[in-house]
Amino acid sequence: MYKVTEGKTTIDNIEYTTYGIWYDEEFHVNDISVNREDIENLLCLCNAENLDPIHLYDVVTDFIEA
């Protein structure tokens with residue numbers, strides 16, 4: 001099951017909360033977005049479609065490019 005991760009990143013001396021997606025120690029992507037709702041929607045889709053974690057990076061890339 002995919003879960004939301006939360007982290008902090010600093011850009012130009014401003015700290016932002018960032019969100020990513022975690023599946024397990026091998027399959028996770030941090031700092032995808034500063035919008036938690038967007039990431040929650042993406043991971044709901046991943047869970048609903050039973051996304052094979054080997055495709056997570058491709059899905060995240062498509063999400064970022066959209």
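**Overall fold and cysteine environment**

For a chain of 66 residues, a compact globule would have a radius of gyration near 11 Å, and the 12 Å found for this chain agrees with that expectation. The model is a predicted one, and the values below are computed from it. The C-alpha trace of the chain spans about 40 × 25 × 15 Å along its principal axes.

Turning to secondary structure, the chain contains three strands and two helices. Followed along the sequence, these elements come in the order β-β-β-α-α. Among the contacts with a separation of 6 or more, 36% join residues that lie 24 or more positions apart.

The surface can be described in similar terms. Of the 66 residues in the chain, 29% are buried. About 4600 Å² of the chain is exposed, and carbon and sulfur atoms contribute 48% of this area.

The cysteines deserve a brief look of their own. A disulfide is a covalent bond between the sulfur atoms of two cysteines. The structure has zero disulfides. Cys 44 takes part in none, and the nearest cysteine sulfur to it, belonging to Cys 46, is 9.2 Å away. Seen from the other side, Cys 46 has its closest cysteine sulfur in Cys 44, and because 9.2 Å lies between the two sulfurs, they are too far apart for a bond; the cut-off for a disulfide is 2.5 Å. As for their surroundings, Cys 44 has 48% relative accessibility and therefore counts as partly exposed. Cys 46, with a relative accessibility of 4%, counts as buried.

Key
Residues are numbered from 1 along each chain as its sequence is written. This is a predicted model: local features need pLDDT of at least 70, side-chain atom pairs count only at pLDDT 80 or more; totals for chains, interfaces and linings use all residues. Side-chain values use heavy atoms; hydrogens and water are left out. Buried means under 20% relative accessible area, exposed over 50%, partly exposed in between (1.4 Å probe, protein chains only). Helices (H or I, at least four residues) and strands (E, at least two) are DSSP runs, numbered from the N terminus. The radius of gyration is taken over C-alpha atoms; the globule rule is 2.2 Å times the number of residues to the power 0.38. Contact means heavy atoms within 4.5 Å. Accessible areas come from the Shrake-Rupley method with a 1.4 Å probe; for residues, only the protein chains shown count as cover.
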